[in-house]
Amino acid sequence: MNTTDFMSIANAICPERDVVVFEGKRWTFAHLNERVNRLSQALIGLEIEHGDRIGMLQVNCNQYVEAYFAAAKLGAIFVPLNFRAKADELSYMIANAQTKILFVGSKYLAMVDTLLPQLSTVTDCVIVDADVTGRLYYEDLISSSSSDEIVSEIGDEDTTILMYTAGTTGRPKAVPLSHSGFVSYVLDNVAPADPEIEEKNLLTVPLYHVAGIQAMLAAVYGGRSLVMMKQFEVKEWLETVEREKVTRAMLVPTMLKMIIDDPGFNRYNLESLKIITYGAAPMPFEVIKKAIKKLPGVNFINAYGQTETASTITSLGPEDHIIEGTDEERYRKLKRLTSSIGKPLSDVEVKIVDEAGNPLPLLEVGEIMAKGPRIMTGYWHDEEKTAQVMTKDGWLRTGDKGWMDEAGYIYLAGRSDDMIIRGGENISPAEVEGVLYSHPKIEDAAIIGIPDAKWGQAPRAIVALKKREVATPEEIMEYCRSGLAGFKRPRSVIFVDSLPRNQMGKVLKKELREKYGEPEYKSS
Amino acid sequence: MSQLGKRYRCEECGTEMLCTKAGEEDLSCCDKEMQLQEPKPLPSSD
């Protein structure tokens with residue numbers, strides 16, 4: 001089985017149901033199937049063969065979904081590119097993937113044109129959303145091609161997507177994702193299309209991110225309508241949920257915070273919403289607590305995964321978001337909600353290891369490792385980087401620190417690179433940040449390690465206060481004393497207007513260390 | 001008679017079938033009729 005079967009199956013069951021809703025237009029499963037066939041035929045005309053790479057540089061749109069399936073039907077490899085990438089990063093990714101055909105949004109055409117002379121593998125550039133004189137236009141390819149069904153040999157283990165990780169450091173790494181990896185996840189976790197059940201998924205996560213691709217494939221197999229937004233905007237999100245009667249959505253923590261804090265929140269009818277999945281960055285406890293209160297009909301799921309794991313590998317389910325029971329049960333559930341990423345999904349093994357790779361006992365912090373049919377076998381043509389993260393027996397080093405409790409729940413303790421060691425004691429930035437987030441004056445916070453002559457390293461808090469709030473470093477440090485072991489307390493505090501985050505809401509710690517990592521740094 | 005978009009399960013061997021084209025006959029496996037599964041949307045994380 002391969003991912004193109006998702007579309008064929010759903011098209012057989014609910015051909016007249018909308019599969020994509022975008023900018024006021026609607027495409028049914030039957031429409032999608034026809035347009036995908038036409039585009040596949042056009043790609044054959046452009047001499048695309050099994051294994052060739054097809055790049056996409058555009059914000060979320062209906063053509064993104066079509067282009068993925070058109071490439072997959074030919075056994076070609078789809079390369080979703082980060083539209084926020086700088087010119088040299090783009091050039092690197094397109095060349096590294098040896099991209100043959102490039103689908104480009106008109107907004108990015110001028111930049112791409114400056115790069116094309118150096119990109120010798122690119123044979124054709126197709127403009128997705130505008131008819132530009134002298135250039136190939138996407139809709140012309142569709143309208144001038146046959147809608148005959150394409151049948152090609154696709155191996156289950158064939159790579160279907162080459163995805164560049166949105167790394168916070170260094171060059172992006174290319175992760176080959178196979179048909180079987182997505183099939184394993186979807187068949188295990190998504191109910192197939194059913195004529196009696198209609199679901200609508202509001203997609204705001206970019207499709208160059210694995211969470212976006214996972215949501216797209218789950219929607220198509222599940223017979224769900226994919227309501228797409230170009231990019232997240234809070235008012236449009238609220239309006240869309242109400243208008244389309246959206247049933248599920250995936251959000252990163254910063255988006256959820258913006259939604260529940262929006263002054264117009266109460267004006268919208270969000271009763272259709274049944275599931276909100278969150279992930280990609282740590283969720284501040286105060287945010288999820290407020291969200292549970294303001295969205296009482298919603299089941300929340302915390303999903304944890306990486307590009308290298310082809311989507312979600314652990315999840316904290318809706319039942320873990322209901323804080324009920326005895327005092328002890330309530331305490332345990334609250335603790336889980338503050339930092340647990342839940343339990344591994346059925347097709348994934350997870351273990352916690354020390355620096356030598358030996359399994360650690362319960363409750364001890366080490367690196368989280370994962371194994372299973374969805375885990376990548378290695379980075380694209382990069383044995384050196386592969387050896388850094390993969391063991392010979394197929395375990396992936398996630399680079400995340402964590403620990404496991406008696407019930408098998410896994411808790412995050414931060415990135416391995418971000419751990420602070422003070423006088424031989426490990427300090428998890430995530431734990432200290434959790435305490436800072438609970439301070440009533442603090443909007444956002446991050447902990448970095450700075451060099452310390454006596455202790456080796458010391459924790460420093462970088463703090464953004466809520467509007468119109470005023471605080472002193474001493475006040476913040478004193479507050480942490482009440483909720484943390486003494487050695488974990490920040491030894492200095494720097495106030496900033498906001499924290500630098502990547503497009504998925506992750507704090508850019510490297511940038512913070514470069515800017516605020518000097519021991520003697522003083523706020524100006 | 002099989003129904004479009006429904007899942008059928010063999011209680012003997014655990015095989016599940018998803019019907020993508022309905023037919024007049026009942027589905028059978030291991031010499032027994034396969035059982036219709038109730039639709040059950042899962043709280044999948046996407």
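What follows is a chat about reading a predicted model.

Visitor: Where do I start with chain B? What pattern does chain B follow along the sequence?
Guide: Start by listing helices and strands in order. Here, chain B reads β-β-β-β-β. That makes five strands and zero helices. If you want a feel for its extent, the C-alpha trace of chain B spans about 35 × 25 × 15 Å along its principal axes.

Visitor: Now the two chains together. How many residues of each are in contact?
Guide: For any interface, count the residues on each side. In this model, 27 residues of chain A are in contact with 15 residues of chain B. You can also look at the area buried between chain A and chain B, which is about 1,600 Å². Carbon and sulfur atoms give 61% of that area.

Visitor: And charged partners? How many salt bridges are there between chain A and chain B?
Guide: The idea is to look for a Lys or Arg nitrogen within 4 Å of an Asp or Glu carboxyl oxygen. Between chain A and chain B the count is two salt bridges. One of them pairs A:Asp194 with B:Lys6, with the closest N and O atoms 3.1 Å apart.

Visitor: Which elements of chain A give two or more residues to the side that touches chain B?
Guide: Match contact residues to elements. In chain A, these are α1 (3-13), α7 (179-189), α8 (210-221), β13 (275-279) and β14 (299-306). The largest share, four residues, comes from α8(A). By residue type, this side of chain A divides into 17 nonpolar, five polar and five charged.

Visitor: Let's try a pocket. What is the volume of the second largest pocket?
Guide: With a pocket, take the volume, then the lining. The second largest pocket has a volume of about 1,100 Å³. It is lined by 43 residues, and the closest to its centre are A:Thr254, A:Lys257, A:Met258, A:Asp261 and A:Glu443.

Visitor: Which element gives the largest share of that lining?
Guide: That's α10(A), with seven residues. The elements of chain A giving two or more residues to the lining are α10 (253-261), α11 (285-294), β23 (442-452) and β24 (456-465).

Visitor: How do the lining residues of this pocket divide by type?
Guide: Sort them as we did for the interface. The lining of the second largest pocket has 19 nonpolar, 10 polar and 14 charged residues.

Key:
Residues numbered from 1 in each chain as written. Chains lettered and ligands numbered in written order. Predicted model: local features only at pLDDT ≥ 70, side-chain atom pairs only at ≥ 80, totals over all residues. Heavy atoms only, no water. Contact = heavy atoms within 4.5 Å. Buried area = accessible area lost by both parts, 1.4 Å probe. Salt bridge = Lys/Arg side-chain N within 4 Å of Asp/Glu carboxyl O. Nonpolar A, V, L, I, M, F, W, Y, C, P; charged D, E, K, R; others polar. 1 Å grid on protein atoms, 1.4 Å probe; cavity = no way out; pocket = protein on both sides within 12 Å on 5 of 7 lines; lining within 4 Å. Points joined across faces, edges and corners; volume = space filled by probe spheres on them.
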